[in-house]
Structure formats: C-alpha cells, structure tokens
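Student: I'd like to learn how to read strand pairing, helix packing and burial from a model. Could you walk me through an example?

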Amino acid sequence: MAHKASKVVIITEKLILDKVARVIETCGGKGYTVVAAGGKGGRGVHSTGRAAVVDEFSNVKIEVITASRETANRIADEVAATFFNDYSGITYFEEVEILRPEKF
Amino acid sequence: MELAIDFFTRFVGQFQSPALAFLIGGMALAAFGSRLQIPDAIYKFCVFMLLMRIGIEGGMEIREAELAEMALPALLAVIIGCMIVVVGRFSLALLPNVRTEDAIATAGLFGAVSASTLAASMVMLDEQNIAFEAWVPALYPFMDIPALIVAIVLANLYLERRKNGGRRSTSIGSIIADSLRGSALSALILGLLLGLLTHPEVVYEGFYDPLFRGLLSVLMLTMGMEAWNRLNELRSVAHWYAVYGAVAPLVNGLLAFGLGYIAHLLTGFSPGGVILLAVIAGSSSDISGPPTLRAAIPSANPSAYIGASTSIGTPIAIAVGIPLYIALGQAVFGF
C-alpha cells in the first residue's frame, strides 16, 4: 500500500556534507541518503579538499524523503539560504511514493 | 663574478634532485594531457607517511636536544607567519580587480606551511649534507596556525565592517582546534609525540624512513600534475594572483632567511635551520590550509587562493626557492 511523500534532493560539495546534514535534521528531516556525485555547474568544477587531479567525485547528492511538502520546503529553503551563497549547489523536489510511512 | 657563476651552477644542479625532477615531470605530464592518475587514497597516504616520518625523527631527536634553543626560532616562525598575512593584506588586497577577502585568504595560505615543500627541502638538504637541528620541522605549526588565524580574523573584520554578513564570530580556539585536526598537522604532531615519548625506532628504521624518499617522489609528481591542472582556475581571477604567487614565496623566504640569520648570530641557530626557516616561510599550504579557509571564509573565491598557491606558489617555492636558499646559505655560511 504505497503512500505519497515528498523528496528534497540537494547536490552540493562534499566538503559541507556534515553541516548540511545537521541543517536537515534540525529542520525536521528524519534521515537522509548520500550518494557520491561529480559534475560541473555555473561555478565550474570545484574541489578544494584535495588535489583536483585525483578526485572526480567531489560532490554529493543528498536525498531527504519527508512526509509533508512543508518540511521539504523548509529543509530546501534553509539549506539554500545557509550555504548556497558561498558554496556550489542545487536543490530540487520530487514527489515519490513510499512504503513504511512511519519511517518518514 | 666567480661567486655568481658558482651560485648559478649550484642552483641549476639542484634540478636533478629527485624531488624537483618529479615535480617538473608531473607538470610536464599534465601539460601533455596524460591520463595518468594517482588515486586520492595514495596521495593521502603519502602525506601521512611523510609527516609521520618527519615527526617521529624530530621527536626522537628532541629527546636529546636542548629545547631552549627552539624558543627564538619558534617565536620568529610565529612573527613571520603573521607578517606574511599582514603584508599581503596591505599589498595584494589593494591592487585593482582584487577582492579583499580573496587576497587575505591567499596571503593566509602563503603564510601557512606546505608539508610537501618542507619534506622536499629536508631531502635536498640531506643530499647536500647540510645539517639542521631535528626540531626545525616542528616549527611548522608555529608558522601555520598563527598565519591562518590572522588571515581569518582579518577577513572577518573586513567583512563585518562591510556589513555583508561578517561570519558568525569564529572563536580563535575553534580555528586552532580545526587546524590541529587537519590531516597534515595531526600526523606531524602524533609523530613528534611518538618519537618523543615512546621507542619507535624499529618501525622508523624498518618502515617510515626507507619509504620516505619514494613516497616523496610520488607526492611531488602529484603536486606537479595538480599545479598544471589548476592553472585554468587561475585564469578566471585577476592576474595579480599569479604575480603574487610567483613573487611572494621568494620575498617571504628571503625575509625569513634574514631573520633566521639573526637567530644564527644570537643563539647559534644552524645554517640548515636558517635555510629551512626560509623554505617554510616561502611555502604555501595546499593540503590543509584550503579546507580551513574554505570553512572559515566561505565567501572567498577558492579559485583565487588555491590557484595561486597550488599552481604557482608551491612549484616556485620548491623549484626556485629551495635551490635559491640552499645556494644562498652555501654562499653566506661558506660550506
């Protein structure tokens, strides 16, 4: 029996992963998934933590599934406001269907 | 005239040393577009091994050394680190097209110390049989941490005055803690403590020391490739960063050489120590400095400071600076 839920996807620099995770949790996210990511955006390829030549995956894609769209919006707004002036990143939303709604 | 020719010959002869050769080789490879890659894990392992070995050796020899001798050079290291940042703040930052916080961050990196430059210089001094006190590498944190602190504080003062979101007031304590937690300093300090307090001779002689030169060569290769690859980033910022990156290592190093010479006269600081002090003053951090600055001054543009430090500062500090100070030391101290 699938339930509807919202998902916030944040693609940003691996360097700030811990800080973003903290923001997600304070805004009401119950959990998140992190996937290694690479790529290039308006600011070009950014990797400051280590030698550019040795790490293609210097970004992360963080997915947060929330029961309500409001929580998703809140998380996305807070992350964008706190980090995206100084660090590269994009955010987008998806509507998903989930099982075990008590987990979200 | 003969002195100049002698100086020049010695200077050029340094380029055959493995440390420099691999650095330039790496740059050449990257320029050629080679797809050779050194995996990240190996690079980190090299940094770890180098600093452990330097630390353990330093710690073992500090056991027998007179720590009072270290006081004046340590103080000089702190002063030099801070001075480099302040000078950068009032020179680079005032040039046209240069954003002040970028300039401060760049000066901060050049005030901080590069582990790879330090390791390469120690090897080259060994090759020339120039002796130095074993605690000289321990001057690393004395220059690195104050420089980063001064840079972060100056940047925050500037940003706050501009009322453009001066960062939540970062306490000095947390900056120090963060720097000490960086991979390079952690390894160095751990090595120092282990060498000082335990008996690591067996692992030192069996593992860390024999692998040192080999791993250094791999690290130099990686830094050379990295330097070339980051040149593109430097193209997107003002040309002054490239100029600063080329000039600052030499100016800072020569200033430090002068101050070190005074220490030599006052407390008998060894010639090798003076040379090393010049080397670390001229070096610019590219492993642990950038993440610290990125976290503490996020509005500064990384392309500026990392580009200046990794693409130009470190190669110049290693390829031009080290031979220069060695040749200068040989001329001044006469060996």
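Student: Which residue of β3(A) does Val8(A) stand opposite?

Tutor: In this predicted model, Val8(A) faces Val64(A). That pair belongs to a longer match: strand β1 (residues 3-13) and strand β3 (residues 59-66) of chain A run antiparallel and are joined by eight bridges.

Student: What are the partners of Ile10(A) in β3(A) and in β4(A)?

Tutor: Look on both flanks. In β3(A), Ile10(A) has Ile62(A) as its bridge partner, while in β4(A) it stands opposite Thr91(A). The β1(A) and β4(A) strands are also antiparallel, with ten bridges between them.

Student: In what order do the strands of the sheet come?

Tutor: Pairings chain together into an order. Here four strands of chain A make an open sheet, β2-β3-β1-β4, with antiparallel pairing. At the edges are β2 (33-37) and β4 (89-98) of chain A; each has a single partner strand, so one side of each has no neighbour in the sheet. From one strand to the next, the twist averages 25°.

Student: Which strands does helix α1 of chain A touch?

Tutor: For packing, ask what a helix touches and how it is directed. Helix α1 (residues 17-26) of chain A packs on the sheet against β1, β2 and β3 of chain A, and its direction makes about 10° with that of β3(A). Helix α2 (residues 69-83) of chain A lies across β1, β3 and β4 of chain A, at about 10° to β1(A).

Student: Let's turn to chain B. How many residues of α5(B) are buried?

Tutor: First, the general idea: an α-helix has 3.6 residues a turn, so residues three or four places apart point the same way. Now the case: eleven of the twelve residues of α5(B) are buried, so the helix is mostly covered. Among them are Ile104(B), Leu109(B) and Phe110(B). The cover includes α4 (68-91), α7 (140-161), α12 (240-267), α14 (289-296) and α15 (302-333) of chain B. As for length, helix α5 (residues 100-111) reaches 16 Å from its first C-alpha to its last, close to the 16 Å expected at 1.5 Å a residue.

Student: And is Gly173(B) buried or exposed?

Tutor: Count the neighbours. Gly173(B) is exposed because it has 8 C-beta neighbours inside 10 Å, and the cut-off for exposed is 12 or fewer. Gly173(B) sits in helix α8 (residues 172-181) of chain B. Its C-alpha is 9.6 Å from that of Ile149(B), 24 residues apart along the chain.

Technical notes: Residues numbered from 1 in each chain as written. Chains lettered and ligands numbered in written order. Predicted model: local features only at pLDDT ≥ 70, side-chain atom pairs only at ≥ 80, totals over all residues. Pairing = 2+ DSSP bridges. Helix = DSSP H or I, 4+ residues; strand = E, 2+ residues; numbered from the N terminus. Axes fitted to C-alpha atoms, helices over the stretch in contact; angles between N-to-C directions. Contact = placed C-beta atoms within 7 Å. Buried ≥ 20, exposed ≤ 12 C-beta atoms within 10 Å, placed from the backbone. Expected span 1.5 Å × (residues − 1).
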